[in-house]
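Me: Please take a close look at one single part of this structure. I should like a connected account of how that part is placed among its neighbours and where the chain goes from there.

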Amino acid sequence: MFVLAHVSDLHLASRPRPVELVGKRGLGFINWQRKRKFIHRPEIADDIVRDLKGLAPDHIAMTGDLVNLSLDDEYRRARAWLETLGSPRDVTVVPGNHDVYVRAAVPSSAAYWAEYMCGDDGRERFPFVRRRGNVALVALSTAVPTGPFMATGRLGEQQLTGLARALDETRGHFRIVLIHHPPLSPPKRFMRRLTDAAGLRRVLAEHGAELLIHGHDHRRALVWLDGPNGSKIPAAGVPSVSARVPHGGEDGAGYTIFRIDGGAPAWRCEMIARQRMDDGTILEAGRQLLQ
Ligand SMILES: [Fe+2]
């Protein structure tokens, strides 16, 4: 039995210095002050982490948006938060759009979180692969800087080719794809979609995977993607780990546990939703057998 915990979208925010408020960060800061700072609370994430650690998972996946405006201070605090989750060996991170909010921030997240964002071979290039027993974590980055009011993501041809290879090389493992953006977005999320999601779905349909997990939408979701030979691949989205209350179609804080058992081709994977209630308690909110 391998137990994976999935968290996402911490949105840790620091107060920017005036010089850091130009361009997209300025708009993002206004949005934060008016709305988001009342939603994403670090103490809520602390409650979730306490509950999660109580279940002693074998590994933890964090699918991006650890920070809010990609400020150095946010990266540093997010690193400290990751250390409360576990060691880089036991925690795998993929970045989200807020982790490379502006072009200047691109190298910084990599510098602070490198040990959490590299493969077993030590390479800090996406996609990277981590094997833990008979589970293979295949990590993608959709994080690209975008213009104001945009929150799109992109993989690019090089990562899609690398993904196909990684999925082939880990065949026989329980292959879990980690990605920030969902592989399918409704039309109203056009400005927040993964722009080459069709390319991702094509690779998955040809090369297969046992599970895909994502964040970004701040809500619990499950869709079934086409896999090879008529098979289906579950793609599960998780709420934000820090959301104090449900807000504008987004869920309150929660996380997901996957209990993986068996072996290829007869895997068993159970998905357990853990959700924070209004009174602050965290309870099981649903259980579903995916395989
Ligand atoms: Fe996001």
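Reply: Two strands count as paired here if DSSP finds at least two bridges between them. The model is predicted, and the part chosen for this account is strand S6, residues 174–178.

The sheet as a whole provides the setting. It is an open sheet of six strands in the order S4-S5-S6-S7-S9-S8, with mixed pairing. Its edges are formed by S4 (128–132) and S8 (221–226); each has a single partner strand, so one side of each is left without a neighbour in the sheet. From one strand to the next, the twist averages 20°.

Strand S6 has S5 on one side and S7 on the other in this order. S5 (residues 135–139) runs parallel to S6, and five bridges join the two. Among the facing residues, Val135 has Phe174 as its bridge partner in S6, while Val138 stands opposite Val177.

How well enclosed is S6? Five of its five residues are buried, so the strand is largely enclosed by the rest of the structure. Both of its faces are covered: Phe174, Ile176 and Leu178 are buried on one side, as are Arg175 and Val177 on the other. The chain reaches S6 from S5 by way of helix H5 (residues 157–169), in a right-handed β-α-β crossover.

The pairing of S6 with S7 is likewise parallel, over three bridges. Here Leu178 stands opposite Ile213 in S7. The chain passes from S6 through helix H6 to S7, and this β-α-β crossover is also right-handed. H6 (residues 197–207) lies across S6, S7 (211–214), S8 and S9 (232–237), and runs at about 60° to S8.

The loop between S6 and H6 holds His180, which leads to the iron ion. The protein donors of this ion are Asp65 (OD), Asn97 (OD1), His180 (NE2) and His216 (ND1), at 2.1 to 2.3 Å from it. Along the chain these donors follow the spacing D-x31-N-x82-H-x35-H. Asn97 lies in the loop between S3 (91–93) and H4 (106–113), so together with His180 it ties parts that are 83 residues apart in sequence. Both Asn97 and His180 are buried.

Why is the arrangement of the donors irregular? The four donor atoms subtend angles of 85 to 168° around the iron ion. A tetrahedral assignment would require all angles to lie between 85 and 135 degrees, and the angles at this ion therefore make the arrangement irregular.

How values were computed
Residues are numbered from 1 along each chain as its sequence is written. This is a predicted model: local features need pLDDT of at least 70, side-chain atom pairs count only at pLDDT 80 or more; totals for chains, interfaces and linings use all residues. Side-chain values use heavy atoms; hydrogens and water are left out. Helices (H or I, at least four residues) and strands (E, at least two) are DSSP runs, numbered from the N terminus. Axes are lines fitted to C-alpha atoms, for helices over the stretch in contact, and angles run from 0 to 180 degrees between N-to-C directions. Contact means heavy atoms within 4.5 Å. Buried means under 20% relative accessible area, exposed over 50%, partly exposed in between (1.4 Å probe, protein chains only). A crossover is right-handed if, with the strands pointing away from the viewer, the path from the first strand over the helix to the second runs clockwise. Donors are N, O and S atoms within 2.8 Å of the metal (3.2 Å for Na, K and Ca); water is not among the atoms, so sites may look incomplete. Four donors count as tetrahedral if all angles lie between 85 and 135 degrees; four count as square planar and six as octahedral if opposite donors are over 155 degrees apart and all others between 65 and 115; anything else is irregular.
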